[in-house]
Amino acid sequence: MSEFQELIKNFDKCRDYVRDFFVYGFKSRNDFTGRSARTYDDERRRITDWLGDIVCEDISDATSEKNLSLQVTPNLLETNPLYKVWQTRSFTDNDATLFFHLLDLTSTQHTVDELTDELSGRFGIVCDSQIVRRKCKELEEEGILRQIKSGRTIYYERNVTLSEMLSQAEVLNALKDDPERLYDAIRFFQLWYPFGFAGYSIMEREDLSNDTFRVKHSFPEFCLEDEILYRIFEGIKEGNRMTFTAASNLKEESGHQLTALPVRIVVSYRTGRRYVVLYDVGEKGRFSVLRLDQIKKVSMDADTKSEEDSESRTYDAEEIREILDRNLGFVWNASFTSGLKESYRQKIEMTIHINEVSESYIVTRIRKEGKNGTLTKLSEGTYLYENVVFDVNEMFPWLRTFIGRIEDIRFYSMNSDMEKGRELTKIRDKFFGDIERLFEMYDIE
C-alpha cells in the first residue's frame with residue numbers, strides 16, 4: 001500500500017475538492033460516488049491538515065454519517081485561510097537542496113557554470129549544468145532570482161526582498177519615511193481583492209500580521225479561482241478566443257467544452273460569485289456566461305486552420321464591448337437568453353398594493369433593487385412595476401418576496417424592435433404554480 005503524501009502535483013484536483021467537499025459543505029463519503037473511497041480519504045486528510053481548525057465535523061442524526069464543512073466567519077478573518085491551499089506543491093529532495101544552496105550562492109552574481117562548480121566544491125553536490133540552469137530559470141519565474149545580462153553572459157543574483165527595497169532612499173522618500181503605509185496597503189489588499197494571495201505571500205515573508213482590517217461581506221472561497229481568472233484576463237488583454245472546459249460538479253469528470261472570446265469579468269455584489277462573459281464570434285454572434293467556479297480548464301484557442309477560415313473569424317473587439325454594454329441593461333442575473341423561440345427579450349408587468357403609510361420602504365426598495373425597471377403609481381396604494389429583461393425566470397426569487405402584495409402579474413415577449421408581443425402564459429402559470437406548491441408544502445389554505 002502506497003504511503004499517504006500531503007503534497008500534490010495537480011492543483012485542479014485540490015481546488016475541486018476544497019470547493020465541492022468543503023465550501024459547499026455538509027457532504028459525506030457516500031456523496032462522492034465518482035471517486036474511490038481511498039481517494040476520498042486521501043483528499044480529506046490532506047485538506048484537513050492544510051486548513052486545520054476551520055474544518056468542522058458533524059455526525060448526521062438521520063444517517064450517522066460524518067459530514068465535513070468549513071466553519072468560517074468572514075468578518076472576523078485577518079486573512080483568508082484558503083490561501084494555504086495555494087502553498088501546496090510537490091518537490092523532490094534534490095529540489096529542496098538546490099533551492100536553499102542556490103539562494104546562498106546567489107547573494108552575489110554567478111553564471112550557471114560558476115554555480116555548478118560552487119555546488120560541487122563547497123557542498124559536494126554533483127549536478128549537470130542543465131539541471132542548475134532549469135532551476136535558476138524556475139526561481140527567476142517565481143521572482144526569487146533575477147537575471148542580469150552582460151554582453152552574451154547571463155548572471156543570476158538573488159532578488160531584493162521587500163525589506164531591502166524599503167531601505168532604499170528613493171523608496172523611503174516616496175513613502176514619506178513611513179514604510180507602514182505600504183504595509184497597510186498590503187494588509188488590505190490581501191483580504192479583499194482578487195489575487196490577494198500575492199499580498200498574503202508578502203505578509204508571510206515579511207512576518208506581518210493584519211490587526212487593522214476586517215471585511216464585513218467577504219467571500220474567501222473564490223480565491224480558489226484566481227489561477228483561472230488570471231488566464232482569462234490574459235485572453236481579454238490579447239483579444240484571443242479561448243477554449244473553456246466547464247463542469248457543474250465533481251461527478252462530471254470530463255465536463256463540456258466551449259470556445260469563445262472572453263469579453264469581461266462580472267461579479268455578483270450579493271454572493272461574490274464571479275462570471276466570465278463570452279462572445280461567440282461565429283454566425284450566432286451571441287453572448288453567454290460561465291461561472292468561474294465551474295471552469296475546470298482554460299486555454300488559448302490554437303485552431304488557426306486556413307487563411308480563409310481565419311478571415312471569417314475577424315471581429316471588432318471595441319464594437320463587441322459596446323454591444324455588451326447595451327445588453328447588460330437587460331440582464332437580471334447572468335443570462336443573455338431565455339431559450340424561448342421568437343422571444344428576443346421578455347417584459348414583466350406587476351401590479352402590487354403598498355400601504356403608503358406603513359410600507360413606504362417597499363417603494364424605496366423596488367426602486368433600488370428593480371435595476372432598470374420603472375415603478376409607476378396608478379392610484380392610492382397601487383403601483384405598476386415594469387421591466388424588460390432577457391430571462392424573466394431569473395427574477396422569480398426577487399418577485400416572490402412580494403407575495404401577499406401582488407394584485408396581478410403578466411409576462412410578454414418582446415421582438416427586436418422592442419415591441420410587446422404575445423403574453424407568455426406558461427411563465428405566469430409557472431410563477432403561480434410555485435406559490436401553490438409552497439402553500440401545499442406548509443399546509444396553507
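Let's start at the largest pocket. Four helices each supply at least two residues of its lining: helix 3, helix 5, helix 9 (197-205) and helix 10 (226-238). Keep in mind that this is a predicted model.

Which helix gives the largest share of that lining? Helix 9 does, with 6 residues. The volume of this pocket is about 1600 Å³. It has 39 lining residues. Closest to the pocket centre are Arg 89, Glu 142, Ile 144, Phe 197 and Ser 201.

Now a step back to the whole chain. It has 445 residues, and 38% of them are buried. The secondary structure comes to 15 helices and 14 strands. Next, take the contacts with a separation of 6 or more. Of these, 61% are between residues 24 or more positions apart.

Back to one of our four pocket helices, helix 5. It runs over residues 129-141, which is 13 residues. From first C-alpha to last, helix 5 reaches 18 Å. That is close to the 18 Å expected at 1.5 Å a residue.

Which residues of helix 5 are buried? They are Val 132, Lys 135, Cys 136 and Leu 139. Note that a lysine, Lys 135, is on that list. Why do these buried residues line one face of the helix? Look down the axis of helix 5: the buried residues fall within an arc of 100 degrees, so they line one face.

What about the other side of helix 5? There, Arg 134 and Glu 141 are exposed. And what covers the buried residues? The cover includes two helices, helix 3 (93-105) and helix 4 (112-123). It also includes strand 3 (145-150) and strand 4 (153-158). Helix 3 is a name you heard at the start: it supplies residues to the pocket lining too.

Now the ends of helix 5. At the N-terminal end, Asp 128 acts as a cap. One of its side-chain oxygens lies 2.8 Å from the backbone nitrogen of Gln 130. Just after the helix comes Gly 143, with a positive phi of about 85 degrees.

Last stop: Glu 386. Where is it? In strand 12, residues 382-389. Its side chain makes a polar contact with the side chain of Lys 347, at 3.2 Å. Leave out residues up to four places away in sequence, and Glu 386 touches Lys 347, Ile 348, Glu 349, Gly 373 and Thr 374.

To recap helix 5: Asp 128 caps its N-terminal end, its buried residues line one face, and Arg 134 and Glu 141 are exposed on the other side. Over to you for questions.

Note on methods. Residues are numbered from 1 along each chain as its sequence is written. This is a predicted model: local features need pLDDT of at least 70, side-chain atom pairs count only at pLDDT 80 or more; totals for chains, interfaces and linings use all residues. Side-chain values use heavy atoms; hydrogens and water are left out. The expected span of a helix is 1.5 Å times one less than its number of residues. Buried means under 20% relative accessible area, exposed over 50%, partly exposed in between (1.4 Å probe, protein chains only). The arc is that of the directions from the helix axis to the C-beta atoms. Contact means heavy atoms within 4.5 Å. A polar contact is a pair of N or O atoms within 3.5 Å; within protein, one must be able to donate a hydrogen and the other to accept it, and residues adjacent in sequence count only if both atoms are side-chain atoms. On a 1 Å grid over the protein atoms alone, a cavity is a set of points where a 1.4 Å probe fits but cannot get out, and a pocket is an open set with protein on both sides within 12 Å along at least five of seven lines; lining residues have an atom within 4 Å of a point. Grid points are joined across faces, edges and corners, and a volume is the space filled by probe spheres set on the points.
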